[in-house]
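Hi everyone, thanks for making time. Could you pull up the structure on your screens so we can walk through it together?

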Amino acid sequence: MLNVSDDTISQSSLICNPELFFNRELSWLTFNTRVLNMAKDASLPLLERLKFLAIYGTNLDEFYMIRVAGLKRLYAQGMVEIAPDRLSIKDQLDKIQAYIHAEQVEVENLYGEIVQSLKNEGLFLLDFCELDALQKAEMRKFFEHFIYPIIVPIVVDSTHPFPHMSNLSFALALELESAGEIHYALIKIPSVLKRFIPCGKGVFVSIESIIAAFGEELFPGFSMRLYLFFRVTRNADIEIEEEEADDFLQVMSEGLKARKNGQIVRLEFSGKELFWADLFAQKSFFKDGNKEAYGGVDIYYSSGILNKGALWEIVEQKDFAHLCFKPFAPRKLYADCDLYEEIKKQDILLFQPYDSFDSVIDFITQAARDDGVLSIRMTLYRVGKDSPIVEALIRAAETKQVSVLVELKARFDEENNLHWARALEEAGAHVIYGLPHLKVHAKVALVIRQEGDSLRRYAHISTGNYNPLSAKVYTDISFFSANPEITEDVLELFHSLSTGLAHKTQLKTLSLSPMQIKPKILDLIREESAYGKEGHIILKANALLDSDVILALYEASKKGVKIDLLIRGICTLVPKLDGVSENISVFSLVGRYLEHARIYFFKHSEHVYFSSADLMPRNLMRRIELLYGLEKSALGSKLELILQTQLKDSHLYELQSNGEYIRVDAPSFNAQSFFETF
């Protein structure tokens, strides 16, 4: 372990010392383990535990589609090191596989435990072979009427080549025999089919087991020797040559199609029968025939369920709502009132989901039907499929000037955003499809209203998306203001987005990345460092990765400043190192709600800051983000209360200097439950 004194450590040695940085990818894996720990928690309702298992699975899918795929691409290009921790790409890929393989048995056992407990509650997740005769007969009818007409059985031979398998597709592989000869076959399971088929009250049958039960009937003259299920994961990162894009909308559409055909990076199998090796070799899935090649495909065998994200189908069963958390009714502070009159009186700060997201919806819907409103401007990043906000904008575009930046590069929301962008444009709104080489991640809206002989501006700034569904489960800060200094900055931001010059813009009251937020945060850290042991910094974010911010925190720690970091996910800073970070504590809170707000506190600053930006290079230097400071004597005190309350939570995990996360030993207290009743 690193042990150096203040007089021997320098800024240059900090930068060059890999012991001062955890690996990003391995840090993310520990975060997903904390999600898995929620599924293990026997004090939670059973379907909530199943939900966290589903989240764990979908998280891992995205990790492979983006992060692992990216590492494999860099490895294939001959890259060796890419991060401050100096861990080679080969070592990272080795450690990732080892970590996931080690956790896999635990995941499978946990799934079996939860399924067994659900049986005791009258909810059965079964395979076809576990059904009684009547249930099997019912599933045969379902197969004949709803599955057989749309599946495509394929014998793989010279005239029927191995079919294309799109990203996250799921299929049944079979080894067949006819006249003493071995043949291979596939049955692709269409994504339009549900994964779990209801079979009477409380009984759900996995669709793959139904197809396997009748699979042999699809190949007359053949007998089935072996079968297994498999799932394909491909590189899903879209690469766009923005400089060459004459029509960005068309380029993004083509990119979405290409995502389905990216390089295969992972294959998951439901068993260890090895007949698939000959079958898959015909498709040349493996680089140079080597399935273990670092630039090729990672193989995982499972005795449990593939595609754990499909468990959401069970979690959402309304007949078993008693096995979920009790519904929470958020506070509706400004219901049945003229929201604009309230904002005119004073700035408003909401903490969602404890404060209702309805106020944000009302901010736009009231503006859409207000004859006095002349203009509405917004940024849209992730808004969901059935968005009342976008529908209000479409209506408003008939009579008002509506300008919307729709970020088409919002990963895995590209298709949905394309839909809304086209709908808004058809309605007459002015639509901006993002900026070249930058993502617009700032969440901001501006309404301009005619009031008497003057125009008044109203702004909304948030850490979260304009998505009513995620707003029920994400904790975020939402701020409304008619302060001319703030609204002038917001107007300047929207003008800079329209001209494409936002990356060069500097605001007066707000801070805007890439020009202002990182220097502002570094200055705030340095200013607090001057107070030594009297100083205190609390930073709450989803991730801490930026090396310059980490080095500044190390320097502050060396001067005695107490630093508490509430980092939900990835953290590459190493705490509790003698002579470097002994005054830094790193905590992670994973609970019923996804901690999504970014709040930055400095004891001797007059303000507490909230932001759309995490402490990552991409947010600080490659995105359009906003940061704003609220005076501690006013609304800033509420932000400080959030931080101080969460630091008391007994469900916190504390990061150790060896990279492990350990639950804190504290009196029983749940900060999220506290804010539900606060």
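Okay, let's begin with helix 5, residues 133-147: it lies across strand 5 and strand 6, and it runs at about 115° to strand 5. Before I go on, keep in mind that this is a predicted model.

So what sheet do those strands belong to? It's an open sheet of three strands, in the order 1-6-5, and the pairing is mixed. On its edges you'll find strand 1 (124-126) and strand 5 (196-198), each pairing on one side only. On average, neighbouring strands here are turned by 30° against each other, if you ignore direction.

Zoom in on strand 5 and strand 6, residues 203-206: they pair in the antiparallel sense, over three bridges. If you want a spot to click on, try Ile197, which stands opposite Val205 in strand 6.

Now over to the other sheet. Six strands make up this open one, and their order is 2-4-3-7-8-9, again with mixed pairing. Which strands sit at the edges? Those are strand 2 (152-156) and strand 9 (298-301), and each of them pairs on one side only. From one strand to the next, the twist averages 25°.

Look at strand 3, residues 170-178, and strand 7, residues 223-234. They're paired in the antiparallel sense, with eight bridges. Ala171, for example, has Phe230 in strand 7 as its bridge partner.

Something packs on this sheet, too. That's helix 3, residues 46-76, touching strand 7, strand 8 (264-269) and strand 9. The direction of helix 3 makes about 140° with that of strand 8.

Hang on to Phe230 for a second, because we're moving to rings. The structure holds 27 aromatic pairs. In one of them, the ring centres of Phe230 and Phe269 are 6.2 Å apart and the planes are at 40°, so we call the pair tilted. This pair links distant parts of the chain, with Phe230 in strand 7, Phe269 in strand 8, and their positions 39 residues apart.

Last stop: two helices side by side. In general, you describe two packed helices by the angle between their axes and the distance between the axes. For helix 3 and helix 4 (residues 89-120), the angle is about 160° and the axes are 11 Å apart. Over 145 degrees counts as roughly antiparallel, and that's why helix 3 and helix 4 get that label. What about the residues in that contact? They divide into 21 nonpolar, three polar and five charged. And helix 3 passes helix 4 in a left-handed crossing.

That's my tour; questions welcome!

Conventions
Residues numbered from 1 in each chain as written. Predicted model: local features only at pLDDT ≥ 70, side-chain atom pairs only at ≥ 80, totals over all residues. Heavy atoms only, no water. Pairing = 2+ DSSP bridges. Helix = DSSP H or I, 4+ residues; strand = E, 2+ residues; numbered from the N terminus. Axes fitted to C-alpha atoms, helices over the stretch in contact; angles between N-to-C directions. Contact = heavy atoms within 4.5 Å. Parallel < 35°, antiparallel > 145°, perpendicular 65-115°, else oblique. Left-handed = near helix turned anticlockwise from the far one by under 90°. Nonpolar A, V, L, I, M, F, W, Y, C, P; charged D, E, K, R; others polar. Phe/Tyr/Trp six-rings, centres within 6.5 Å; stacked < 30°, edge-to-face > 60°.
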